[in-house]
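Please work through the following exercises with the sequence and the structure open beside you. Try each task before you read its solution.

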Amino acid sequence: MTSTLAESVRIDHEPYGERHFRRDVGRRIRGQRSLHNLRQEELAARAGVSRNFVSAVERGTQRLDAWRLRHLALALNCDLGWLLLDDQPLPRPRR
């Protein structure tokens with residue numbers, strides 16, 4: 001019984017797909033930043049967050065909170081809901 005419980009705990013690290021969600025949001029932010037030709041430092045300054053925060057969000061390693069996400073959305077001139085929804089296409093970066 002103990003091994004079964006331990007196995008289920010190990011398998012169920014991410015019951016709601018949080019890492020996948022964070023990576024998707026990060027890709028959307030990076031895509032929008034690229035469309036606006038902004039460096040991470042510039043986006044961070046506009047949003048009132050650190051460059052390290054922007055970098056971690058884009059990599060999907062930073063836990064997300066609504067307040068800072070709202071500021072990133074405003075700085076990118078995009079809808080906060082769009083950043084959070086996974087059924088909308090990602091923007092294509094300019095080359």
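The exercises below go from the whole chain to one pair of helices and then to single residues.

This is a predicted model, in which local features need pLDDT of at least 70 and side-chain atom pairs count only at pLDDT 80 or more, while totals for chains, interfaces and linings use all residues. Residues are numbered from 1 along each chain as its sequence is written, and side-chain values use heavy atoms, with hydrogens and water left out.

**Exercise 1. The whole chain**

Task: State how many helices and strands there are in the protein, and what share of its residues is buried.

Solution: Begin with the elements, where helices (H or I, at least four residues) and strands (E, at least two) are DSSP runs numbered from the N terminus. The protein has six helices and zero strands, and their order from the N terminus is α-α-α-α-α-α. Next, take burial, where buried means under 20% relative accessible area, exposed over 50%, and partly exposed in between, with a 1.4 Å probe and protein chains only. Of the 95 residues in the protein, 33% are buried. Finally, look at contacts, meaning heavy atoms within 4.5 Å: among those with a separation of 6 or more, 62% join residues 24 or more positions apart.

**Exercise 2. Helix 2 and helix 5**

Task: Describe how helix 2 and helix 5 cross, and which residues make the contact.

Solution: Two packed helices are described by the angle between their axes and the distance between the axes. Here axes are lines fitted to C-alpha atoms, for helices over the stretch in contact, and angles run from 0 to 180 degrees between N-to-C directions. The axes of helix 2 (residues 18-35) and helix 5 (residues 66-76) come within 10 Å and cross at roughly 25°. Angles under 35 degrees count as roughly parallel, over 145 as roughly antiparallel, 65 to 115 as roughly perpendicular and the rest as oblique, and helix 2 and helix 5 are therefore roughly parallel to each other. The contact is made by Val25, Ile29, Gln32 and Arg33 of helix 2, together with Leu69, Leu72 and Leu76 of helix 5.

**Exercise 3. Two buried residues**

Task: For Arg22 and Glu58, find the helix in which each lies and the residues that each contacts.

Solution: Start with Arg22, which lies in helix 2 and is buried, with a relative accessible area of 11%. Not counting residues up to four places away in sequence, Arg22 touches Val57, Gly60, Thr61, Gln62, Arg63 and Leu64. With the last of these, Leu64, Arg22 is 42 residues apart along the chain, yet their C-alpha atoms are separated by 7.4 Å. Then turn to Glu58, which lies in helix 4 and is buried at a relative accessible area of 3%. When neighbours within four places in sequence are left aside, the contacts of Glu58 are Gly26, Arg27, Ile29, Arg30, Arg33 and Gln40.

**Exercise 4. Positive phi in loops**

Task: Decide whether Asn37 and Asn77 are buried or exposed, and say where each lies.

Solution: Asn37 lies in the loop between helix 2 and helix 3, and has a positive phi of about 55° although it is not a glycine. At 53% relative accessibility, Asn37 counts as exposed. Asn77 lies in the loop between helix 5 and helix 6, where its phi is near 55°, a positive value in a residue other than glycine. At 67% relative accessibility, Asn77 counts as exposed.
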